[in-house]
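Here is a short guided tour of a protein structure. Keep the sequence and the model side by side as you read.

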Amino acid sequence: MPYDIEHRVIRQNDQEVRYVRAIGMPELNEAGVVIRISGAAQDITTDHEKRQTVLRQRDELKVS
């Protein structure tokens, strides 16, 4: 089954928190066993932070 997920990652060298989106498609053999996964990963930290800011502002507006 294809997947599209977001991960929170803490970099080992500087402990910075990053967000990564990974998408992939498994390839199965004749027996239905996964033999390979093709996909991509993208750093979406900036988009994630912007989305969180918008959600926070929306919640603040609801309160006011």
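Start with two neighbours that carry opposite charge. Aspartate 59 and arginine 58 form a salt bridge, and their closest N and O atoms are 3.3 Å apart. How accessible are the two partners? Aspartate 59 has 36% relative accessibility, so it counts as partly exposed. Arginine 58 stands at 41%, so it is partly exposed as well. Bear in mind that this is a predicted model.

Other salt bridges share partners. Arg11, Asp14, Glu16, Arg18 and Asp43 are joined in this way into one network. Side chains of opposite charge can pair when their charged atoms come close. One link in the network is the salt bridge between glutamate 16 and arginine 11, at 2.5 Å from N to O. Glutamate 16 is partly exposed because its relative accessibility is 32%. Arginine 11 has a relative accessible area of 33%, so it is partly exposed too.

Another pair involves glutamate 27 and arginine 36. These side chains form a salt bridge, with 3.1 Å between the closest N and O atoms. Glutamate 27 has a relative accessible area of 35%, which means it is partly exposed. For arginine 36 the value is 45%, so this residue is also partly exposed. How many salt bridges does the whole structure hold? A search finds eight.

Now turn to the strands. Three of them form an open sheet, in the order S1-S2-S3, and the pairing is antiparallel. Which strands lie at the edges? They are S1, residues 3-10, and S3, residues 34-43, and each pairs on one side only. From one strand to the next, the twist averages 30°. In a regular strand the side chains alternate between the two faces of the sheet.

Follow the chain from S1 into S2. The two strands run antiparallel and are joined by eight bridges. Isoleucine 10 stands opposite valine 17 in S2. S1 and S2 make a hairpin, with six residues between them. Glutamine 15 sits in that turn and has a positive phi of about 65°.

Go on from S2 to S3. Strand S2 covers residues 17-28, and it pairs with S3 in the antiparallel sense over nine bridges. Proline 26 stands opposite isoleucine 37 in S3. Leucine 28 has valine 34 in S3 as its bridge partner. This second hairpin has five residues between its strands.

Which residue in the hairpin of S2 and S3 takes a positive phi? Glycine 32 does, with a value near 85°. Glycine 32 is found in the loop between S2 and S3. Its relative accessibility is 43%, so glycine 32 counts as partly exposed. Compare its position with that of arginine 51. The two residues are 19 residues apart along the chain, and their C-alpha atoms are separated by 38 Å.

Next comes the helix. Helix H1, residues 45-63, lies across S1, S2 and S3. It runs at about 115° to S2. Look for histidine 48, which is found in helix H1. Is histidine 48 buried or exposed? With a relative accessible area of 12%, it is buried, because buried means under 20%. What does histidine 48 touch, leaving aside its neighbours within four places in sequence? It is in contact with Glu6 and Tyr19.

Finish at the surface. Tyr3, Ile5, Leu28, Val34 and Ile37 make a nonpolar patch of about 440 Å². S1 and S3 each supply at least two residues of this patch. Isoleucine 37, for one, is found in strand S3. Two members of the patch have appeared before as bridge partners: leucine 28 and valine 34. Isoleucine 37 has appeared too, opposite proline 26.

Notes
Residues numbered from 1 in each chain as written. Predicted model: local features only at pLDDT ≥ 70, side-chain atom pairs only at ≥ 80, totals over all residues. Heavy atoms only, no water. Salt bridge = Lys/Arg side-chain N within 4 Å of Asp/Glu carboxyl O. Buried < 20%, exposed > 50% of the residue type's maximum accessible area, 1.4 Å probe, protein only. Pairing = 2+ DSSP bridges. Helix = DSSP H or I, 4+ residues; strand = E, 2+ residues; numbered from the N terminus. Axes fitted to C-alpha atoms, helices over the stretch in contact; angles between N-to-C directions. Contact = heavy atoms within 4.5 Å. Patch = residues over 30% accessible without salt bridge, like charges linked within 9 Å, V, L, I, M, F, W, Y side chains within 5 Å. Areas by Shrake-Rupley, 256 points an atom, 1.4 Å probe, with all protein chains shown as cover.
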